[in-house]
Amino acid sequence: MNHADIEALARKWIVEAADRPANPRVQQVVVRLLGDLCKAIEDLDITPTEFWSGVAYLSNAGASNELGLLAAGLGLEHFLDLRADEAESRAGLEGGTPRTIEGPLYVAGAPQSVGFARLDDGSESDRAETLFMQGTVFDQAGRPVPGAKVEVWHANLMGNYSFFDRTQSDFNLRRTIITDHNGRYQFRSIIPVGYGCPPNGSTQQLLNLLGRHGQRPAHIHFFVSAPGHRKLTTQINIEGDAYLWDDFAFATREGLVPPVARVNDPAQLDAKRLDKPFASIDFDFHLGRETAAAPGTEVERARAAA
Ligand code: MBD
Ligand code: FE
């Protein structure tokens, strides 16, 4: 079959078959994706066995809630970032802290505090390196933004996230910090370890067939938002990680790898009541001003809420 025949079939099955009011956007997208899929089946001579193996694959990936992980691993979530960047450049919005993917592991409802929070529950303190991270949220004009919301979440020493990992305490390594009157935030936590896809899961199963690993470098996630400003979804990476520029989700970007200082000055350790050296990261967030000229940055997606 040629492509024109296939497109006619997809229109027949979707558009012409409709005998009651339809959602035109859904029709448009389904006609396109269905036609593209049929063209791939034709052009690649995909066998029925291959086709049903694909159906079973997606069923299993959905049943184990791995489709979000798969979207990250295939580069699709990063592709949405590249498109959002392009839309902002077209709208004349430049500069600001780079965005990068949210990933599938955010949980709404984390405890909120002003200025400072401790993220970790102390359960890994004996083995972990303590981290202090701090900075200012700035607006487009370089003015501090008091009252901005900094949502932060990251993995533990096993590379696992609370809620999804039921062995961790509720909201471990997840907090919402409201910037103080100077636009500043600070948190105490632990240096996380990179995430690896479940080794026996659907995502890793496909990655294996593609000859790819499923590892992420150690990273910390953020949503930074304030009224009148574009919501920033981003992450910072921990420098020195073997996977820093080899992330299976393609999320590492220039500008998101801050230096990590090691503090071992006794006076500073005393001030924080710590008996071993700690890591310190200074990182400011620069938000763009809200504009109708670019698509909104508040993305709706299915998210866990604890
Ligand atoms: C993660 O921690 C993550 O950030 C992404 C994007 C995918 C899987 C696990
Ligand atoms: Fe993550």
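Trainee: Which way does β4 pair with strand β12, and over how many bridges?
Mentor: β4 and β12 (residues 285-286) pair in the parallel sense over two bridges. Two strands pair if DSSP finds at least two bridges between them. Strands (E, at least two residues) and helices (H or I, at least four) are DSSP runs, numbered from the N terminus.

Trainee: Anything I should know about the model before going on?
Mentor: This is a predicted model, where local features need pLDDT of at least 70 and side-chain atom pairs count only at pLDDT 80 or more, while totals for chains, interfaces and linings use all residues. Residues are numbered from 1 along each chain as its sequence is written, chains are lettered from A and ligands numbered from 1 in the order in which they are written, and side-chain values use heavy atoms, with hydrogens and water left out.

Trainee: Back to β12. What does V137 face there?
Mentor: The bridge partner of V137 in β12 is F285.

Trainee: What about β7 and β4, parallel or antiparallel?
Mentor: Antiparallel, over seven bridges. M133 stands opposite F187 in β7.

Trainee: And β11?
Mentor: β4 and β11 run parallel and are joined by four bridges. In β11, I281 stands opposite M133.

Trainee: Why is β4 called largely enclosed?
Mentor: Because nine of its nine residues are buried. Buried means under 20% relative accessible area, exposed over 50%, and partly exposed in between (1.4 Å probe, protein chains only).

Trainee: Which residues have the most contacts inside the largest nonpolar core?
Mentor: M133, F187 and F222, in a core of 32 residues. Elements giving two or more residues to this core include β4 (130-138), β7 (184-190) and β8 (219-225). A nonpolar core is a set of buried Ala, Val, Leu, Ile, Met, Phe, Trp, Tyr and Cys residues joined through side-chain atoms within 4.5 Å. In soluble globular proteins, nonpolar side chains tend to be buried together.

Trainee: What does F187 touch?
Mentor: Among its contacts (heavy atoms within 4.5 Å) are F116, L131, V152, I220 and F222, leaving out residues up to four places away in sequence. There is also a second, separate core of 15 residues, which includes C197.

Trainee: So is C197 buried or exposed?
Mentor: C197 is buried, because its relative accessible area is 6%. C38 is partly exposed, because its value is 21%.

Trainee: How many disulfides are there?
Mentor: Zero in the whole structure. A disulfide is a pair of cysteine sulfur atoms within 2.5 Å.

Trainee: New topic. What are the protein donors of the iron ion?
Mentor: Y161 (OH), H219 (NE2) and H221 (NE2), lying 2.0 to 2.1 Å from the iron ion (ligand 2). Donors are N, O and S atoms within 2.8 Å of the metal (3.2 Å for Na, K and Ca), and water is not among the atoms, so sites may look incomplete. Along the chain the donors follow the spacing Y-x57-H-x1-H.

Trainee: Are H219 and H221 buried or exposed?
Mentor: Both are buried.

Trainee: What is the strand order in the open sheet?
Mentor: The order is β2-β6-β5-β8-β9, five strands with mixed pairing. The edge strands are β2 (112-114) and β9, each pairing on one side only. β2 and β6 (residues 174-178) run parallel and are joined by three bridges, and S113 stands opposite I177 in β6.

Trainee: Last one. Where is T100?
Mentor: T100 is in the loop between α5 (76-90) and β1 (107-108). T100 is buried, with a relative accessible area of 1%. Its contacts include D81, T233 and R253, not counting residues up to four places away in sequence. The C-alpha atoms of T100 and E77 are separated by 8.9 Å, with the two residues 23 apart along the chain.
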